Amino acid sequence: KTLREKEILIKNNQIYKLYLQKDKSFKFILFLLLLILVMIALFLYYIYNKKKKLNKILGIANDELEDQVALRTLELVETNENLRNEIVVRRETGKQLESSLSEKDVMLKEIHHRVKNNLQIITSILNIQSRSSTNDESLKMFTNMHNRVMSMSLVQEQLYLSDDLAVVDINQYVRSLIIHIFSSYHISHSRITPVINIKEIYLNINTAIPCGLLINEIVTNSIKHGFNGNKKGEIIINMKEGKDNYFHLEISNNGEGLPDGIDYKNPESTGMELIRILILQLSADADLVKENGVLYKLKFKKLKN
């Protein structure tokens, strides 16, 4: 019985030891779990604080950004308002400029028209005066003066009819000038044929008038001296603008050539003197060829306004 009790005590003792070991293990595991929970809590607290600080920084940045956006919006609104006011002012200024330009165009057209009318009055006076003259030399003088004045009048007419009041369409101008010259001398195109080859060339009035007077004098000389009697032939006018920005004008006829000793550089007549002056006025390089008739070759730049 004593041995039995002893064995029971030993077993109880072993059970108690096992229980103590189990209790220690449980406490250790519980401690580890608590430690892990504390570490997790600390980590979460760290994340929370970091996120809180980050949200605070973002909030400050967002507030600053909103302030900048609001300020920029106000600036844009103000700029937009200023632009609208400027657009209104510019529209009003544009309307005033258009009105002023229109008035100036009307005035300029009226000036060209009045100059043209005054020149035509002068030609009419010359015509009336020529009718009362019986002297052939006086009649020729009146006709020459009439044609010269008319060449200037045609420039004013071209300016008056043109959309651009600053330039003259030389092609149309020369054709009108030739028609008038032929009509003045009662020349039919079947006897003397005018051949006009002019590209699209537009000259200002400072160049067009001396150029027109020069063509008038040369063509008139050709009719009077190159085609005496009923002699037939051609008067050719070629004009183009070269790549060198110079105008190249050639006026020729296949009638009788100029007599020896006659040259525009040493003029002996009013017509030749006028040709020399007009060439100088255009600052033109000129060459006179007396073969198979007469050929004037001129090269000049557009004169400034």
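Two strands are said to pair if DSSP finds at least two bridges between them. In this predicted model, β5 and β7 meet that condition, pairing in the antiparallel sense over 7 bridges. One position in this pairing can be named: His248 has Lys299 of β7 as its bridge partner. Strands of a sheet pair through backbone hydrogen bonds, either parallel or antiparallel.

The pair belongs to an open sheet of 5 strands, arranged in the order β2-β4-β5-β7-β6 with mixed pairing. The edges are formed by β2 and β6 (285-289), and each has a single partner strand, so one side of each is left without a neighbour in the sheet. On average, neighbouring strands of the sheet are turned by 10° against each other, direction ignored. Helix α3 packs on this sheet, where it touches β2 and β4. The direction of α3 makes about 170° with that of β2.

Helix α3 also has a helical partner. Two packed helices are described by the angle between their axes and the distance between the axes. For α3 (residues 170-184) and α4 (residues 205-226), the angle is about 35° and the axes are 11 Å apart. The crossing of these two helices is right-handed. On the α3 side, the contact is made by Ile170, Tyr173, Val174, Leu177, Ile178, Ile181 and Phe182. On the α4 side, the contributing residues are Ala208, Gly212, Leu213, Ile215, Asn216, Val219, Thr220 and Ile223. By character, the residues of this contact comprise 12 nonpolar and 3 polar, with no charged residue.

Ile181, one of the α3 residues in that contact, also provides a reference point for helix α2. Met150 is found in α2 (residues 136-161), and the C-alpha atoms of Met150 and Ile181 are separated by 9.2 Å although the two residues are 31 residues apart along the chain. Met150 has a relative accessible area of 12%, and it is therefore buried, the cut-off for that class being under 20%. When residues up to four places away in sequence are not counted, Met150 touches Thr123 and His180.

The charged side chains come next. Side chains of opposite charge can pair when their charged atoms come close. A search of the whole structure finds 4 salt bridges, among them two within helix α1. In one of these, Glu75 pairs with Arg72, and the closest N and O atoms are 3.1 Å apart. Because Glu75 and Arg72 are 3 residues apart in α1 (residues 2-131), about one helical turn separates them. Glu75 is partly exposed at a relative accessible area of 35%, and Arg72 is partly exposed at 48%. In the other, Glu86 pairs with Arg90, with 2.8 Å between the closest N and O atoms. Here the residues are 4 apart in α1, so they too are separated by about one helical turn. Glu86 is partly exposed, with a relative accessible area of 35%, whereas Arg90 counts as exposed at 58% relative accessibility.

A further salt bridge returns the reader to the sheet. The side chains of Asp244 and Lys299 meet at 3.7 Å, N to O. Asp244 lies in the loop between β4 and β5, while Lys299 is in strand β7 (residues 294-300), so the pair ties together parts that are 55 residues apart in sequence. Asp244 is partly exposed at 34% relative accessibility, and Lys299 is partly exposed with a relative accessible area of 28%. Lys299 thus takes part in this salt bridge and is also the bridge partner of His248.

The loop that holds Asp244 also contains a residue with a notable backbone angle. Most residues other than glycine have a negative phi, and most peptide bonds are trans. Asn245, in the loop between β4 (233-241) and β5 (247-253), has a positive phi, near 65°. Its relative accessible area is 53%, so Asn245 is exposed. His186 likewise has a positive phi, near 55°. His186 is found in the loop between α3 and β2 (192-198), and it counts as exposed because its relative accessibility is 72%, the cut-off for exposed residues being over 50%.

How values were computed
Residues are numbered from 1 along each chain as its sequence is written. This is a predicted model: local features need pLDDT of at least 70, side-chain atom pairs count only at pLDDT 80 or more; totals for chains, interfaces and linings use all residues. Side-chain values use heavy atoms; hydrogens and water are left out. Axes are lines fitted to C-alpha atoms, for helices over the stretch in contact, and angles run from 0 to 180 degrees between N-to-C directions. A crossing is left-handed if the near helix is turned anticlockwise from the far one by less than a right angle, and right-handed if clockwise. Contact means heavy atoms within 4.5 Å. Ala, Val, Leu, Ile, Met, Phe, Trp, Tyr, Cys and Pro count as nonpolar, Asp, Glu, Lys and Arg as charged, and the others, Gly among them, as polar. Buried means under 20% relative accessible area, exposed over 50%, partly exposed in between (1.4 Å probe, protein chains only).
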